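Me: I would like a close look at one part of this protein. Please take a single helix and work outward from there to whatever surrounds the helix.

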Amino acid sequence: MTEPLMPQTDAPFDELIIREYLLDNPDFFNRYPELLLAMRLPHLERGAISLVERRQELLRQRVSQLEEEITSLLAMAARNEKIYLFNTELSFKLLNCADLVSLKEVLADSLKDQFHFTHVRLISVLDVDLDMKAIWEQRLRKGHYFGRVTQQEAKRLFGAEVGSVALVKLAEVPVIFAIASQDATHFHPDMDNMLLEQLRRLLAYMLAKL
């Protein structure tokens, strides 16, 4: 039977025993508190410090890190709430559109005003349009695509070069819901598509009616 491999270390064996003992007995320093003050650790800025000082420093760093995380989460929550309220208002506007022309105008004007997108389009995919069918079949295999596209694809979709795009497949119609930003990093593959998915469902419903 093969023996389990021990972690590689330059420390003598008795140090490993001490390490294991301390891990198994986390209350050790409660029984010998004088050791916390007696033991010294090297510090780049303050020279040697005690274990208590080192622990306090680590706790302060952790608190600072948690505060930054909370601030980031609050900012994200505020941003998501803003997007949700916008999406709700836009949905009611789209439901009141009587024809395809007004629906396209409301959709484009609202998204451009709110997010400063450069292009917002609803593009019908026809069998005779080989370039658009290639985008439909390759870029939109998962139903949506966020990120960069080639210059040829950008010109076919928007008539101009763009930074980054969000492409959503409306398979029921079929239509590509296409949004472009001048910012090359605005749309990226890791972003959440929940809000655009809600808008996709509404657009598919409206386009089937108009």
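What follows is a reply built around one helix and its surroundings.

Me: Which residues of H8 are buried, and what do they touch?

Reply: This is a predicted model. A short overview comes before the helix.

The protein has eight helices and six strands. Along the sequence they run α-α-α-β-β-α-α-β-α-β-α-β-β-α. Of the 210 residues, 28% count as buried. About 14900 Å² is exposed, with carbon and sulfur atoms supplying 56% of that area. Take the contacts between residues at least 6 apart in sequence: 48% of them join residues at least 24 apart.

Now the helix itself. H8 covers residues 194-209. Its 16 residues should span 22 Å at 1.5 Å a residue, and the end C-alpha atoms are 23 Å apart, which agrees. The buried residues of H8 are Leu 196, Leu 199, Arg 200, Leu 202, Leu 203, Ala 204, Met 206 and Leu 207.

Start with the nonpolar side of that list. The largest nonpolar core has 26 residues. Those touching the most other members are Leu 107, Leu 111, Phe 177, Ile 179 and Leu 203. Elements giving two or more residues to this core are H4, H5, S3 (119-124), S5 (164-170), S6 (175-181) and H8. H8 gives the largest share, seven residues.

Leu 203 shows how these pieces meet. Setting aside residues up to four places away in sequence, Leu 203 touches Leu 94, Leu 103, Leu 107, Leu 122, Leu 170 and Phe 177. There is also a second, separate core of 17 residues, including Ile 135, Ala 154, Ala 178 and Ala 180.

Arg 200 is the charged entry. Its relative accessibility is 14%, so it counts as buried. Beyond neighbours within four places in sequence, Arg 200 is in contact with Val 168, Lys 169, Leu 170 and Glu 172. Arg 200 and Lys 169 are 31 residues apart in sequence, yet 7.9 Å apart in space, C-alpha to C-alpha.

The start of H8 meets H4. Asn 87 is in H4, residues 51-95. With 8% relative accessibility, Asn 87 is buried. A polar atom of the Asn 87 side chain lies 3.4 Å from the backbone oxygen of Leu 195. Leaving out neighbours within four places, Asn 87 is in contact with Leu 195, Gln 198 and Leu 199.

H5 is another contributor to the largest core. H5 spans residues 100-115, 16 in number, and reaches 22 Å from first C-alpha to last, close to the 22 Å expected at 1.5 Å a residue. Leu 103, Leu 107, Ala 108, Ser 110 and Leu 111 are buried in H5. Seen down the axis, the buried residues of H5 fall within an arc of 165°, so they line one face of the helix. Val 101 and Asp 113, on the other side of H5, are exposed. At the start of H5, a side-chain oxygen of Asp 99 comes within 3.2 Å of the backbone nitrogen of Val 101.

His 116 follows H5. This residue sits in the loop between H5 and S3. Its phi is near 60°, a positive value in a residue other than glycine. Most residues other than glycine have a negative phi, and most peptide bonds are trans. His 116 is exposed, at 66% relative accessible area.

The strands hold two further details. Ser 164 is in S5. Its relative accessible area is 0%, so Ser 164 is buried. The side chain of Ser 164 reaches the backbone oxygen of Asp 183 at 2.6 Å. Not counting residues up to four places away, Ser 164 touches residues including Gly 147, Arg 148, Ile 179, Ala 180, Ser 181 and Asp 183. Ile 179 is among the residues that touch the most other members of the largest core, while Ala 180 belongs to the second core.

The other detail is Pro 174, in the loop between S5 and S6. A cis peptide bond joins Val 173 and Pro 174, with omega about -5°.

Back to H8, to close. Leu 203 touches leucines including Leu 103 and Leu 107, both buried in H5. Arg 200 is in contact with Leu 170, and Leu 203 touches Leu 170 too.

Methods:
Residues are numbered from 1 along each chain as its sequence is written. This is a predicted model: local features need pLDDT of at least 70, side-chain atom pairs count only at pLDDT 80 or more; totals for chains, interfaces and linings use all residues. Side-chain values use heavy atoms; hydrogens and water are left out. Helices (H or I, at least four residues) and strands (E, at least two) are DSSP runs, numbered from the N terminus. Buried means under 20% relative accessible area, exposed over 50%, partly exposed in between (1.4 Å probe, protein chains only). A polar contact is a pair of N or O atoms within 3.5 Å; within protein, one must be able to donate a hydrogen and the other to accept it, and residues adjacent in sequence count only if both atoms are side-chain atoms. Contact means heavy atoms within 4.5 Å. Accessible areas come from the Shrake-Rupley method with a 1.4 Å probe; for residues, only the protein chains shown count as cover. The expected span of a helix is 1.5 Å times one less than its number of residues. The arc is that of the directions from the helix axis to the C-beta atoms. A nonpolar core is a set of buried Ala, Val, Leu, Ile, Met, Phe, Trp, Tyr and Cys residues joined through side-chain atoms within 4.5 Å.
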